[in-house]
Amino acid sequence: MKNICLGLLVTVLLSMLYACAHTQSLARVHPEEVKGLVDCGECHTDRWALWNHRAADFYNKHRFFADEQSKACNVCHQEAFCADCHAHKEEIKPSDKYKDEPERNLPHRGDYINQHKIDGRINPAYCVKCHGRQNNERCRSCHR
Amino acid sequence: MISASSDTIFRLRETRDRDLYPLYEYLHLSTVQQVTGGVVSFNMGGWGRVDLADRTTEDHTNGDLQYGYLSYRGDRNNLVANLGRVWVTEGVASERIDGAYWRSDLAAGFMASAFAGRPVVTEPNALAGGDVIYGGRIAHSLPGLYTIGVSAVKTSQVDDGADVLEREGIDVWLHPVKQVDITGISSYSSRTSGWMENTYHLSLAPLHDFRVSADLSAINYRHYLDGVTTPALSVNNALNFGAGTSAAGANNGILNPNEELFMLGASVGYTLRKNLDLVADYRHFDYKVQGDAHYFGANLTYTPGTYSAGLQIHRMDGGAERLSYDEFRIWASRRWGKVDVTVDLFDVLYDHDINDVSNSFSISGAVGYQFSPRLRATADVEYMRGPDYENQLQGLIKLTYAFDVKAGTEGRAK
């Protein structure tokens, strides 16, 4: 009973906040076509200026932006872009699929059969992002 | 408006006992219709594969629906409602689901999102992936200052009602001034009663040409790996740490569930001159059980436009034998009109031989040709030699076609 009341209270509160909200949605599609590793700060002066895709730490930070601001990612990236790495089932390594885009530093370069034994011990949390609950068919061929 | 893009990929690979010639077709389709108050769209992406050489095994064909959902995006309040197979990234939730997802801005700087459905896991029968998933996130933003969110996700099984995973978390993005931002997340596993992860990242750009970053991460394996369905990574297998080997020869329970990782890292980047960037980075891995390791090195990249090049040198120096190696990468790319050429060399030198091999390297060359704004073809060849391959040669030919130039390439840029 207590949980139901709490749920109702939260729902009513959220409904009121929704009814009172009047923000303008982000553009569905970025108005200017952008290509390559962009530095959003070249045009933006607000918080989006911090999204410098060329910065060395952007790869590490992109998960936080996706977790918190996925609507902004979607202005330039369709889900297909994310699915290249964060796939349900994928047989081609990202670094193999885009050999002609070396500047992206896509993962699993070279003999990854050997290197995965090392990377997996360094930090298995890196593996879990893409292979924790999905895209693990190939893992199953050896690891039962 | 209907748009679509196609990637047709033909691979040539050799394994220890056979040659493989798989042919893939990746298709992405979207339709967009303006309606009163917003936009309705349908988005779908998937692939299919057939092996042209080996049709003897059951898996000579394969395929997948990567995503497929009906979406409504409102003109106001960043309202999004998706129905179908969607990938949800909201705080502690990073899950692909067959279900519904909703998010909207609320008044006074608040936003909320919610999702529910069936989790899409690749191996539902290997380890329990759950039958039902639901969760949400509430956040507050002060533009120009911060976004702070709280989120939760829960997955359970229908038959016995058992929870597969139950997580809560707090995420932050602080950007008090243009030159500083802090991102991070702390996540807690209620099912195992412990903190899974505390990861935070600080970026400073005091000058346009000078950037500094620092990050720290604390991972508790027992709690972080809970709910994982990959046997090699699963905490359920980790609880059998060192229990033995499977028929395939790999250890069951590879990861020690008592392990805790604390990682501290930093990087310094400087633009030496326009388009020439130098970054030095360092990471210290401190393990509760297996000692510690240091990873450090530098990247130099030059990207003036029609050509680009990069050089990366890193050293991994750890207590464990396998965590002692040098890593090198050098690449270059050049475009002449419609033609572009890329060369990429990656080399790892181990301090201690693995399978009597101390050097693992791969070299690849790729050529691309832009026939038209809609049609591009690329071909590449890669040679590899390492502890698991004496000599391996593989190739790939890719044909990319955008049925609608503007929308077909939308979001598919590099």
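Biologist: How much area is buried between chain A and chain B, and what share of that area do carbon and sulfur atoms give?

Modeller: Keep in mind that this is a predicted model. The area buried between chain A and chain B is about 10100 Å², and carbon and sulfur atoms give 51% of that area. On the chain A side, Arg28(A), Glu79(A) and Arg133(A) lose the most area to chain B; together they account for 9% of what that side buries.

Biologist: How many residues does each chain bring to the contact?

Modeller: Chain A brings 96 residues and chain B brings 135 residues. Between the two chains there are 60 residue pairs in polar contact, counting pairs with both residues at pLDDT 80 or more. Helices H1 (2–20), H2 (58–73), H3 (79–83), H4 (94–97), H5 (112–122), H6 (124–131) and H7 (137–140) of chain A each supply at least two residues of the side that touches chain B. The largest share of that side, 11 residues, comes from H2(A). Sorted by class, the side of chain A that touches chain B has 36 nonpolar, 27 polar and 33 charged residues.

Biologist: What is the make-up of chain A in helices and strands?

Modeller: Chain A has seven helices and zero strands, giving the pattern α-α-α-α-α-α-α along the sequence. Its radius of gyration is 20 Å, well over the 15 Å that the globule rule gives for 144 residues, so chain A is more spread out than a compact globule. The C-alpha trace of chain A spans about 55 × 50 × 25 Å along its principal axes. Buried residues make up 52% of its 144 residues.

Biologist: Let's turn to charges. How many salt bridges does the rule find across the interface of chain A and chain B?

Modeller: The general idea is that side chains of opposite charge can pair when their charged atoms come close. Here the rule finds nine salt bridges across the interface of chain A and chain B, while a search of the whole structure finds 29 over all chains. One pair is Glu197(B) with Arg63(A), with the closest N and O atoms 2.8 Å apart. Another is Lys117(A) with Asp388(B), at 3.6 Å. That pair runs from helix H5 of chain A to the loop between strands E24 (375–385) and E25 (392–402) of chain B.

Biologist: Are Lys117(A) and Asp388(B) buried or partly exposed?

Modeller: Lys117(A) counts as partly exposed because its relative accessibility is 30%. Asp388(B), at 14%, falls under the 20% cut-off and so counts as buried.

Biologist: Which parts of chain B does the salt bridge of Arg315(B) and Asp326(B) tie together?

Modeller: Arg315(B) lies in strand E20 (residues 307–318) and Asp326(B) in strand E21 (residues 324–336), so the pair ties together parts that are 11 residues apart in sequence. The closest N and O atoms of this pair are 3.2 Å apart. Arg315(B) is buried at 18%, whereas Asp326(B) is partly exposed at 23%. Salt bridges that share partners also join Asp96(A), Lys99(A), Arg11(B) and Glu382(B) into one network.

Biologist: Where is Gln66(B) found, and which residues does Gln66(B) touch?

Modeller: Gln66(B) is found in strand E5 (residues 61–74) of chain B. Setting aside residues up to four places away in sequence, the residues that Gln66(B) touches include Glu79(A), Ala83(A) and Glu90(A) from chain A, and Tyr26(B), His28(B) and Trp47(B) from chain B. Gln66(B) counts as buried because its relative accessible area is 2%.

Technical notes. Residues are numbered from 1 along each chain as its sequence is written. Chains are lettered from A and ligands numbered from 1 in the order in which they are written. This is a predicted model: local features need pLDDT of at least 70, side-chain atom pairs count only at pLDDT 80 or more; totals for chains, interfaces and linings use all residues. Side-chain values use heavy atoms; hydrogens and water are left out. Contact means heavy atoms within 4.5 Å. Buried area is the accessible area (1.4 Å probe) that two parts lose on being put together, summed over both. A salt bridge is a side-chain nitrogen of Lys or Arg within 4 Å of a carboxyl oxygen of Asp or Glu. A polar contact is a pair of N or O atoms within 3.5 Å; within protein, one must be able to donate a hydrogen and the other to accept it, and residues adjacent in sequence count only if both atoms are side-chain atoms. Helices (H or I, at least four residues) and strands (E, at least two) are DSSP runs, numbered from the N terminus. Ala, Val, Leu, Ile, Met, Phe, Trp, Tyr, Cys and Pro count as nonpolar, Asp, Glu, Lys and Arg as charged, and the others, Gly among them, as polar. The radius of gyration is taken over C-alpha atoms; the globule rule is 2.2 Å times the number of residues to the power 0.38. Buried means under 20% relative accessible area, exposed over 50%, partly exposed in between (1.4 Å probe, protein chains only).
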